[in-house]
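Grab your viewer and work through a few short exercises. Try each task before you read its solution.

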Amino acid sequence: MIKSGIDLIRTNRLAEVNPAIRKRFINRVFTQQEQAQARGDFETLSGIFAAKEAVSKALGTGIGKVAWQEIEILHERTGEPMVHLHGFAKEVAEFKGLKEWSVSITHDGGMAAAVAVAIGETT
């Protein structure tokens with residue numbers, strides 16, 4: 001079985017969030033480790049945001065049924081993004097037999113895009 005998801009976001013979207021609520025929004029959406037790796041770079045955070053959306057689509061849930069921080073996108077030393085699932089997102093993946101994940105993030109022309117692919121056994 002193969003499942004996929006895709007998302008596209010303007011990279012300036014986070015920068016345009018009202019500064020009075022931006023920190024609260026970032027803390028709600030991104031894990032502490034994601035924030036530490038991004039070091040406040042809105043382009044990087046936008047790519048992670050798109051990847052979380054893409055993973056939620058591959059799960060078949062969208063964001064809402066799974067929480068933002070239940071999908072964590074961390075970068076290896078090589079820069080490769082990796083999917084880490086927690087809580088209900090992990091339960092959904094296990095229920096659906098999704099065992100391996102791949103995610104790709106790109107940035108160009110003020111946009112960030114991400115594609116997520118999961119493979120597993122048919123249930």
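Here come four exercises with worked solutions.

Before you start, note that this is a predicted model, where local features need pLDDT of at least 70, side-chain atom pairs count only at pLDDT 80 or more, and totals for chains, interfaces and linings use all residues. Residues are numbered from 1 along each chain as its sequence is written, and side-chain values use heavy atoms, with hydrogens and water left out.

**Exercise 1. Work out the order of the helices and strands in the chain.**

Step 1: take the DSSP runs, numbered from the N terminus, with helices as H or I of at least four residues and strands as E of at least two. You get four helices and five strands.

Step 2: read them off from the N terminus, which gives β-α-α-α-β-β-α-β-β.

Step 3: check the overall size. The radius of gyration is 14 Å, close to the 14 Å of the globule rule for 123 residues, so the chain is as compact as a globular protein of that length. That radius is taken over C-alpha atoms, and the rule is 2.2 Å times the number of residues to the power 0.38.

**Exercise 2. Find the strands that E5 pairs with.**

Step 1: two strands pair if DSSP finds at least two bridges between them.

Step 2: strand E1 (residues 2–10) runs antiparallel to E5 (residues 111–120), joined by nine bridges. Arg10 has Met111 as its bridge partner there.

Step 3: strand E4 (residues 98–108) also pairs with E5 in the antiparallel sense, over ten bridges. His107 stands opposite Ala112.

Step 4: look at the E4–E5 hairpin, with two residues between the strands, where Gly109 has a positive phi near 55 degrees.

**Exercise 3. Which side chains of E3 are buried?**

Step 1: call a residue buried under 20% relative accessible area, exposed over 50%, and partly exposed in between (1.4 Å probe, protein chains only).

Step 2: walk along residues 81–85. Pro81, Val83 and Leu85 point to one face and are buried, whereas Met82 and His84 point to the other and are not.

Step 3: add the neighbour. E2 (residues 71–75) runs antiparallel to E3, with five bridges, and Ile73 partners Val83. The hairpin has five residues between its strands, and Gly79 in the turn shows a positive phi of about 100 degrees.

**Exercise 4. Is Thr31 buried or exposed?**

Step 1: locate Thr31 in the loop between helix H1 (19–29) and helix H2 (32–38).

Step 2: its relative accessible area is 8%, so Thr31 is buried.

Step 3: leaving out residues up to four places away in sequence, Thr31 touches Gln69 and Glu72, with contact meaning heavy atoms within 4.5 Å.
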